[in-house]
Every structure is written in structure tokens, then in C-alpha cells.
Amino acid sequence: MTMASGPDIITYIGVPLAVLGVAPIIYNTISTIATVMKVKRMLRRGRLAGITRGDVINHVIEVELPRYTIAPLHREEHYKEYWGLCDYPSKIPGGSWTIFNWKCHKIGLKTQRIDYTDQLRQPQAEIGFEELISFLLDLGAIPSANGFRMLRGSGLWVPIGTPLLLSPDGHETVLTIAPLDDSDGNLSLAVRWSTNWGMRDQSSLPPYWVLIKGLPVQPSAGGDNPETIVPKPVEATTEDSAKTDGNDTLAPKTAKYIPTIEEAPPAIRCQIGTNGLIAATPDDFDPQLFDQLSIGHLEIDDMNTNTTGIWFASAITAFGTSSQTILWNYKIPSDILGFTKKDSIPCGILVLLGVVGESATPEWATQYDDEGEKREEQMRKLKEQSRAMMKENQLPPDQKAAAIRERQLKSHDDWVESLNTTRRRDAQRAETRMVEAIQSPKWDNKLVAEHNLAWLKKEGHVEESHDLKRAVEVLLWRMVNDLKITGDLITLLDSWKAFVDSGGIRRVDYQILKENQVAFANASLLVAIIEDSVSAALGSLAMDLQECIRVWRKVRLG
């Protein structure tokens, strides 16, 4: 048996060992190349522009992906993309936001080191929380009261998967709490949407918009041409013009508040921003016909000297908050909220204005027995006259005639004096009644509005079928279309707030209310709706949602 030589040992032992030593490098190289190819394929499928590098020795893959800040597209200009889903959404974890079409802006790159493709994460996008919520609500999502209550109470400690928004049918989740891995301390959210849920469309009312409907235009009796009878503006309307000519039917009393058809659409969409009214457009389903209405008299200036805009924004926010929406931009000023919560109108003043019967109020005025006093005065005069006539009968004829003339003259003087006394007494009682009315119990603003609404209906200023909310809606519609009505209304509101801030109503304030009673009645409707919105929103989903939006200005969506 021959001994193995050195070359044989190298051939049979060294070469296999060398191959085994290189095998891991070969494996890493093949595995890295395969993983890089798979990552690139995933990026192409999701239309992501990323940079991929692989270390074949250490089997480490670096992926650089851009991070974006996103915002919803314009609702009308890009309506096809706005109301549709993305054709190529990313399937990579963290890219759930790519299911929608967004306006994107690159804000940086994020580098990841991974060993396997299932470790790849797409950077979350940064978006304003308010913009995200309003966009999803516009699509038709439904807010979860329990989710926003938990988010408001627990903050970042809210459990992962907690739903904030639900699908239109309310059965599945749309917006949920996501892990905080890539959020850098921000609130992390994930979003999803299914084509089976359906969406609202362009004609639906978006968040921060309020729809106000006015009074319908009255057609002619024949019904052939609805524009035959054109209601006149309030300035040109008289009692006689409320009637139509010929065989036309009588127009309703409230027709005097309907501007011409060309001037005022039957329904108006109002957009409310943080600085009040932003835009007003006719409620037309064709966006091409959305002509802006003139709202210069309702805008809030930088110095806040135009209280008209503040009052209108407060009233329409209160109207929208309590009837149509849970999301709003405008914050009603604290001084107006404080004013609407104060009981400021005494019930006696409403009696003097003829709004309420005195029997419907607590006892506040002094009661006088005028009939008893009148009977006693008549009895006294009869007795005096009887005694005087008995004395006259005992006198000689010449003295009797003089006594009769003297008695008649005294009777006339007494009658004149009684008239003056009655006039002075009535004036004194009126003064006392005014003081007592001012000092009478003050009623809640909502109760004042209910009585004023009944008075407006009786006087023909409001339709009989309208309740408080509908009357306010028509009033807001009139404020958009009629500058004179708006001016009278705001002047009265400013005067009302001024005497409340100065300690209470005075005689001069009563005179202002009496001279502008229709404006006062309408103003009480706005004050009541603002007061009602405060109690309606307290502790509600709307308050929880607004507080979450205030705390989390920016969130990470992925």
C-alpha cells in the first residue's frame, strides 16, 4: 500500500473543504440577488420609486423609499380621481394610504435594512388629521363614537386596531389605530376601502358646508308656467302687491320675503371656515353651474369690526352643528356664547310688546281696582249734587238761579279736573308698569324665541308650518340674499348684546325693541339656535372628534 502524497491530500481533502468554505458566500449571493429582485418587483407593482442595494457577502439589503406628505385632491377639479380608488395600490405594509389618489409632496428618504422581503415597510405618509377625517367623511365613512372617545381619553395608549371610522353600512372598519413603529411619536393610523361599499358622489354635501333652503317660488294658478308670478323683493312689496291680478291666486304673506327667481336660488350651499363664511353657491348638481353668490356683507374682516359676519357664522354653525354635521371649522366666540346663555328678556317686556298675554306670565304688575274707585266717585258726586239741589229749592227765585249756575260751573270744573287727574294717574301707572316690567322675571332665550315665533306666524312673517329650526333656516337664507334684512337684524342683535353686557334692559332699550319688533323676533330665533347648539354638542361625538383634531394636528397614515 502506497502512502498518499501531498498533492493527493490537497486534491481529495483541500478542494472539498475549499468548496464548502465558498458555499455560504455563493448561497448569500444567490439569496441576496433573489431578494433584491423580489423587492424591486414589489416596488414596481406598487409604482414606488425606490433605490435598492444588496450586500452579497453579509446578505443585507438596503432599500431607500421616499416619505411623502399628502393631501386630498380638489373635489371638483379632480373629481374622477377624488371619487375613485387608485388603480395600483401598494401591497407593502405601511402603504395602506395608496388605496386613494392624493396630492403628494416628497419630504425625504427613509433607509431600511432588511434580510427578507416580509421585513420591508413602506414609509407612512404625513397628513393633517382634520383633512383626513373630512375626506373620508365626504366619501361616506361613518364616525365611531366609541373610537373617538377612547382616543380622546387614552391618546397614544389607545389599543391597536381601534376603529375611528366605519364603512357606509357601519359593519366594517375604514380608519383604525396602527402600530407606532414608524410614527416618530405621532398618531399612527391605517386606512382601507372596498369597492363593494360604494361612495357618495359629487352632488353630496361635503364637510364644512351647510345647506340652507329658502321659501319655494309660488307658481301661477294655471300651473303652465311657474315663472308667471315673480315674487317681488322686500323693498318693493306692499300690502296690495301681495295679491295677484286677474285669475291668479292670492300669494302667501311670506311671499314678500322671496327675492326674484334670477336673484335668489331656492337652496344655497354655504362653506364655513375658521374665519366664517368662505363661499356660497346655489345648490346645483352640475358643478359647472356653481356660480359664487355675493357674500361681501357676511364676511369677517381682519379687525373683526364687521359683526354681521360673526353673527352669521355663529348662527349657521349652530344650525349646521345641531342638524347636519359633526365636523365644523368655525368656533363661536365666547362672548356670543355667554350672551346666548344669559336670561336677558323680562317677561313683562314681552307683555308690553304684545307677544305674550299677561295671564301666561308670573304675577309681576300691580293690580288696580278702577271700577270700585269709579263707583265711589260717582256716588260721592250724586250725594253732593243732591244736597246742592235741596239747598237750591229753599232759596228765593233770584238766588236760586244764581246757585244753579254756580253748581253747573262747579260740575264742569270737577269734570275737567277728573280728566286731568285720570291722565296723571294713567301716566304714573304707565311709568310704574314700565319699571315693574323691567324688573319682572327674565325668561330663557329659547322660551322667548318660542313666543316670538308664534307672534311672527300670527303677523304673517313666518309660515304656519315652520318650527324653530326651519324658521332659522329661512332666516339665514334671507340674510344671504337681502342686505337690508341682514342690516336690521344685526343692528338689533348688537343692541341686545350691548344692554345685556351693560347690566340689563332699560327704557331706551325697550323703545328700540318696540320700534324694531320684527327684527327683535327674528334675532331671538338666532339666539335660541346658538344656545341650543351648545347644550346639544356638549359631551357628544362632535366634541370628542373636535378635541382629537385639536390635539393631533398631523398624523402618520399607513
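Is R506 buried, partly exposed or exposed? With a relative accessibility of 47%, R506 counts as partly exposed. Keep in mind as you read on that this is a predicted model.

**Salt bridges**

R506 has a charged partner: its side chain meets that of D509 in a salt bridge, at 3.2 Å from N to O. D509 sits at 6% relative accessibility, so it counts as buried. So here we have a buried acid paired up with a partly exposed arginine.

That's one contact from a longer list, as a search of the whole structure turns up 16 salt bridges. Another one brings together the side chains of E62 and R113, with 2.9 Å between N and O. E62 belongs to strand 2 (residues 60-72) and R113 to strand 3 (residues 102-114), so this pair ties together parts that lie 51 residues apart in sequence. The two ends have quite separate surroundings: E62 is buried at 18% relative accessibility, while R113 is exposed, with a relative accessible area of 65%.

Then there's K497 and D335, whose closest N and O atoms are 3.5 Å apart in a salt bridge. This pair links distant parts of the chain, with K497 in helix 12 (residues 483-501), D335 in helix 6 (residues 334-340), and 162 residues separating them. K497 counts as buried, at 16% relative accessibility. D335, on the other hand, is partly exposed, with a relative accessible area of 42%.

Here are those three pairs side by side.

| Salt bridge | N to O distance |
|---|---|
| E62 and R113 | 2.9 Å |
| D509 and R506 | 3.2 Å |
| K497 and D335 | 3.5 Å |

Salt bridges can also join up into something bigger than a pair. Which residues are linked in a network of salt bridges? They are R75, E76, D138 and R200.

**A covered helix**

D138 from that network is also one of the buried residues of helix 3. Helix 3 spans residues 129-139 and is mostly covered, with 9 of its 11 residues buried. Alongside D138, the buried set holds F129, L132, I133, S134, F135, L136, L137 and L139. Just after this helix comes G140, which takes a positive phi of about 125°.

**A hairpin of two strands**

Now for some strands. Strand 10 (residues 267-273) and strand 11 run antiparallel and are joined by 6 bridges. Together they form a hairpin, with 2 residues between them. To find one of the matched positions, look at I272, whose bridge partner in strand 11 is L277.

Why is strand 11 described as largely enclosed by the rest of the structure? Strand 11 covers residues 276-282, and 6 of its 7 residues are buried, so the rest of the structure largely encloses it. As a bit of background, side chains in a regular strand alternate between the two faces of the sheet.

**Two loops**

Most residues other than glycine have a negative phi. Y208 goes the other way: its phi is positive, near 70°, and it isn't a glycine. You'll find Y208 in the loop between strand 8 (187-191) and strand 9 (209-213). Y208 is buried too, with a relative accessible area of 13%.

E363 is a loop residue as well, placed between helix 7 (347-352) and helix 8 (370-393). Is E363 buried or exposed? E363 is exposed, with a relative accessible area of 72%. Its C-alpha atom is separated by 9.3 Å from that of G348, a residue 15 places away along the chain.

**Patches on the surface**

Last, a look at the outside. K38, K40, R41, R44 and R45 form a positive surface patch. K40 belongs to helix 1 (residues 6-45) and, at 33% relative accessibility, counts as partly exposed. In an α-helix there are 3.6 residues a turn, so residues three or four places apart point the same way.

There's a nonpolar patch on the surface too. W415, V416 and L419 make it up, and together they have about 270 Å² of accessible area. L419 is located in helix 9 (residues 397-438). With a relative accessible area of 37%, L419 is partly exposed.

Conventions
Residues numbered from 1 in each chain as written. Predicted model: local features only at pLDDT ≥ 70, side-chain atom pairs only at ≥ 80, totals over all residues. Heavy atoms only, no water. Salt bridge = Lys/Arg side-chain N within 4 Å of Asp/Glu carboxyl O. Helix = DSSP H or I, 4+ residues; strand = E, 2+ residues; numbered from the N terminus. Buried < 20%, exposed > 50% of the residue type's maximum accessible area, 1.4 Å probe, protein only. Pairing = 2+ DSSP bridges. Patch = residues over 30% accessible without salt bridge, like charges linked within 9 Å, V, L, I, M, F, W, Y side chains within 5 Å. Areas by Shrake-Rupley, 256 points an atom, 1.4 Å probe, with all protein chains shown as cover. Lys, Arg positive; Asp, Glu negative; His and termini not counted. Charge placed at Lys NZ, Arg CZ, Asp CG, Glu CD.
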